[in-house]
Amino acid sequence: MTAIREQKEEAIKITVQYQSVHAGHEMQVGKLKLYEEDRRNLAALLKVGMPYTNIIENIQKKCPPTERLGLLTKKDLHNVSRDFEVDESILHAEDAVSVDLQVKKMQRDSYNPVLIYKPLGSSLANNPLIKKQDFILGIMTEAQLEFLELYGKNIIMMDSTHGTNQYGYLLTTIMVSDDNHEGLPIAVCYSNRVSSDVLEPFFEEIKNRLPHLKPKVFMSDDDPAFCNAWSRVFGEVEFTLLCSWHVSRSWNRNLNGKIKKQHKIEGGDG
């Protein structure tokens, strides 16, 4: 901005030149708007009570900073929360009652995104392995179902995240890979534990909505519960892979254990 002050006798003239809009921001990734589908997925996470920091950390692990979603901030989440009226999901002061009311509200939608819901203190029909103290909530939106049908024939990826809320529930996410090899979450399951007997009814409900699903590859961490439960519901896959991060962690853990043991042996001989 440039300002010029001129004085002629008793009159003062001030001329100001300025740029009315910022220039160049349209090419900066952080200045771009979030895609509407990403905003809806973020709103779904916010509505089930996932903390801002956990959402940002999980997104940053999956999305590079060259993508808009990879530069997600708390301000973005605040805007999504405002635009989607997330506060309206807090339907009761008690979390358990609020979740129950919200789930029933979702089940009344034209498309019911709730795959499975087993609140504390209840039983799951025809599944005696699920205890009354177990909690299970599986969700898959209509858009996620379409992504699963489109990309699910190639690879299915699964992982669980701890500490998604103050109750210590686990968030299990199922993902597919799109044509650009980017991961797309297609279903989530909140539960107090992750085991085959918890995952199987979750998978059964996915199969009910997409009976012909038959991926070639299944990828998860080194917990056999994921693959075992998937195979029992959908059948064996052609290839089973472990994600590189868990392979590296297992190698390091194994090597560290052997090195410590070797040091003890050498120290004893001395």
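# A guided tour from strand β6 outward

Begin by selecting Ser177, which lies in strand β6 of this predicted model. With a relative accessibility of 16%, Ser177 counts as buried, because the cut-off for that class is under 20%. If you display its surroundings and set aside residues up to four places away in sequence, Ser177 touches Tyr151, Ile155, Met157 and Glu182.

Before going further, colour the whole chain by confidence. The average pLDDT of the protein is 84, and 82% of the residues score at least 70. Confidence is lowest in strand β1 (residues 2-8), where the mean is 64, and highest in strand β4 (residues 136-139), where it is 97. A cartoon view of the protein shows eight helices and nine strands, and of its 270 residues 38% count as buried. Among contacts between residues at least 6 apart in sequence, 51% join residues at least 24 apart.

**The largest core**

Stay in β6 and select Ile174. Which residues does Ile174 touch, not counting those up to four places away in sequence? They are Ile156, Met157 and Met158, then Leu184, Pro185, Ile186 and Ala187, and finally Phe202, Phe203 and Ile206. Ile174 is also one of the five residues, with Leu148, Phe202, Phe203 and Ile206, that touch the most other members of the largest nonpolar core, a set of 36 residues. To see where this core draws its members from, select β3 (114-118), α5 (142-151), β5 (155-161), β6 (170-177), β7 (183-191), α6 (196-209) and α7 (224-234), the elements that each give two or more residues to it. The largest share, seven residues, comes from α7.

Next, select α6 alone, a helix of 14 residues that reaches 20 Å from its first C-alpha to its last, close to the 20 Å expected at 1.5 Å a residue. Its buried residues are Ser196, Asp197, Val198, Leu199, Pro201, Phe202, Phe203 and Ile206. When you look along a helix axis, bear in mind that an α-helix has 3.6 residues a turn, so residues three or four places apart point the same way.

**A crossover through α7**

Now select strand β8 (residues 217-220) together with strand β9 (residues 239-242), which run parallel and are joined by four bridges. Within this pair, Val217 stands opposite Phe239 in β9. If you follow the chain from β8 through α7 to β9, you trace a β-α-β crossover that is right-handed.

**Helices α2 and α3**

Move to helix α2, in which Ile56 lies. At 12% relative accessibility, Ile56 counts as buried, and beyond its neighbours within four places in sequence it is in contact with Leu72, Thr73, Lys74 and Leu77. A distance drawn between the C-alpha atoms of Ile56 and Gly70, which are 14 residues apart along the chain, should read 8.4 Å.

Asn58 is also found in helix α2. Is Asn58 buried or exposed? Its relative accessible area is 15%, and Asn58 is therefore buried, since the limit is under 20%. Leaving aside neighbours within four places in sequence, Asn58 is in contact with Met50 and Thr161.

Then select helix α3 (residues 74-83), where Asp76, Leu77, Asn79, Val80 and Ser81 are buried. To see what covers these residues, show α1 (36-47) and α2 (52-62), which are included in that cover. Just after α3 comes Glu85, whose phi is positive, near 50 degrees.

**Two exposed loop residues**

The value at Glu85 leads to two further stops, and here a general point helps: most residues other than glycine have a negative phi. Select Asn126, in the loop between β3 and β4, whose phi is positive, near 60 degrees. Asn126 has a relative accessibility of 81% and counts as exposed, because that class begins over 50%.

Finish with His181, in the loop between β6 and β7. The phi of His181 is likewise positive, near 60 degrees, in a residue other than glycine, and at 69% relative accessibility His181 counts as exposed. From here you can return to Ser177 in strand β6, where the tour began.

Terms used
Residues numbered from 1 in each chain as written. Predicted model: local features only at pLDDT ≥ 70, side-chain atom pairs only at ≥ 80, totals over all residues. Heavy atoms only, no water. Core = buried A, V, L, I, M, F, W, Y, C linked by side-chain atoms within 4.5 Å. Buried < 20%, exposed > 50% of the residue type's maximum accessible area, 1.4 Å probe, protein only. Contact = heavy atoms within 4.5 Å. pLDDT = per-residue confidence, 0-100. Pairing = 2+ DSSP bridges. Right-handed = clockwise from strand over helix to strand, strands pointing away. Expected span 1.5 Å × (residues − 1).
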